[in-house]
Amino acid sequence: MLRPQDSPTRDRKSLNGIWSFALDREGSGRADRWFAGALPGTEDMAVPASFNDIAADPAVRDYVGDIWYQRTVTVPRGWAGERIVLHFESATHRATVWVDDTEVMSHEGGYTPFEADVTDHVTPGTTVRITACVNNSLSFSSVPPGVIEDTPDGPRQRYWHDFFNYAGLHRTVWLYCAPATRVQDVTVVTGLDGSTGTVDWTAELATAVTVEGSVSPVVRVSLADAAGTEVATGSGESGTLTVPDVHPWAPGDGYLYRLSVEITDGAADDATVLDSYGLNVGIRTVEVRGAEFLINGEPFYFKGFGKHEDLEVIGKGHNDPHLVHDFKLLDWIGANSFRTSHYPYSEDVIDYADAHGIVLIDETAAVGMNMGLGGGIFGSQGYTTFSAETINETTQQVHAQAIRELIARDKNHPSVVLWSIANEPESDTPAAEAYFRPLFDVAREADPSRPVGFVNVMLAPHGKCRVSQFGDVLMINRYYGWYVNTGDLPNAEIALAEELRGWASDGKPIIITEYGADTLAGLHSVTPQPWSEEYQVELLEMSHRVFDSIDEVVGEHIWNFADFATTPGIMRVDGNKKGVFTRDRRPKAAAQLMRRRWRAGN
Ligand code: BDP
């Protein structure tokens, strides 16, 4: 799905700001037609933000159910004659939307965009009411999964992933206009042959109902370099542009060309431009060859983190100052990449990574599909992961759709080099194999140009995992020295090396997508003890000795970039403390260690 933009033929209006807000504690809002007028008992809510921490009220923070958002917007008079589209960059975890009294769309999945053509429901020059009923409950039909359990004090949401279930309108809501005949989608795939770059393009058109005498639309594309100089042109709904003396997009060098896709009302030079859409294009290649991960034909070593969208007060709400600041910190520490653990991040983040040469592993929200892990750490026990009553074919269909929507959204981003279709699912059982095999096909069908993998959990070591066979890359999370061999780094080192040597025998590149230790900033200890800053440093140093001794290891992503919020738990002190930075982005001692290692080129 194309992101709304301003162009010579398009205009957009952000609906961010203060919305009216109401929790639907009785679950009666739909039946009582709350969309048909002002919300009852209205409070204020900021968009974009998670609603949970804004109110400073535990009954709001932990609320499960329907959450209503409403505002009015005046549709610009100048949009008359255009198609008018209402676009949500996300609504976590699902939403139904009304324009005045008319229901216009529903969407499942908390981290990908959705939109509806609302032209027939609005009149340019007048004001309309927009109402979104967002729902934050997790079930076995949602990705990520969860379950609502009855307790003496009412329903409680349980889930098996280790981050707080923040919800709401986390990203920008747009109202935009575009012509009836317009660019509906564009797909680019880039190539390199020596100093020549190629850009294969495919444009999908929406065409106005043809009226007698109307002309057939013609697609023209042109590619400009970063200075704005046109370097290639083409025409047709698909084709290949050739760029001599190409400046490739590369890690650390976010060089972007700009592809302009135009629809004209004929082939003549003076034909009228009906629609124009611009797309940033980074020309680069990605390939897995043997146990190497190649970007532009060069072996690439991933240095960075698993991250979260997680901030004080706004939770998972997108925030530009923090976006810029986090990327400054990535640069400061010498990181070249991160994983969008454990869900698709805001498109602002992906765009920014493109422009700053940061490499991304792009992940779906399929996390917490592992009841084996639930025991003790994340709360709930007593469920079987894959069964007719738990994660089943319905979940699989929702998961497949989540993969398709992630790829549809992010397929054109040069920063994205690898799809991760799940984090730490159960993967050592026949049921897991049956569940995941078709999902790899879904990803490869949606994008044949990038490698695909999933993130393996410690409970499914080499020789037991039945899902890693489907991945192009092995992504593995290991906590030697933390969850096992706690406080015993010498034995942790032996065990980690032994396990990694097993994985290395598969002949695929290995990315360590998580390793690390909870660390309370300011806690020091001469004899490094778990939770101290010294222990985090020594655990990382131990891990690096092992990684550096195994050629097949092509990346290290520390868990986590920063401390983050979780559900309450006896193993969590005000959240997960495995950050190299605190939640407010102060460096722990490990930050200096990583800066020395990564900036020295290791
Ligand atoms: C892994 C998960 C991650 C957790 C981490 C931890 O992938 O989401 O936060 O371990 O326990 O199980 O810190």
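**A tour from helix H9 to strand S10**

Begin by selecting residues 589-599, which form helix H9, and notice that this helix lies across strands S25 and S32, running at about 160° to S32. Keep in mind throughout the tour that the model you have open is a predicted one.

Next, leave helix H9 in view and add the two strands beneath your selection by their numbers: S25 covers residues 302-306 and S32 covers residues 553-559, and the two pair in the parallel sense over five bridges. To look at one place along this pairing, select Phe-305 and then Ile-558 of S32, which stand opposite each other.

Now widen the selection to take in the strands from S25 through S32, because these eight strands, paired in parallel, close into a barrel in the order S25-S26-S27-S28-S29-S30-S31-S32. As you step around the barrel, the twist from one strand to the next averages 25°.

For the second part of the tour, move to another stretch of the chain and select residues 127-135, which make up strand S10. Is this strand mostly covered or mostly open? Strand S10 is mostly covered, since eight of its nine residues are buried.

Keep S10 selected and add residues 66-74, the strand S5, which pairs with S10 in the antiparallel sense over nine bridges; within this pairing, Thr-74 has Thr-127 of S10 as its bridge partner. Then add residues 94-99, the strand S7, which also runs antiparallel to S10 and is joined to S10 by six bridges. A good place to finish is Ala-95, which stands opposite Val-134 in S10.

Terms used: Residues are numbered from 1 along each chain as its sequence is written. This is a predicted model: local features need pLDDT of at least 70, side-chain atom pairs count only at pLDDT 80 or more; totals for chains, interfaces and linings use all residues. Side-chain values use heavy atoms; hydrogens and water are left out. Two strands pair if DSSP finds at least two bridges between them. Helices (H or I, at least four residues) and strands (E, at least two) are DSSP runs, numbered from the N terminus. Axes are lines fitted to C-alpha atoms, for helices over the stretch in contact, and angles run from 0 to 180 degrees between N-to-C directions. Contact means heavy atoms within 4.5 Å. Buried means under 20% relative accessible area, exposed over 50%, partly exposed in between (1.4 Å probe, protein chains only).
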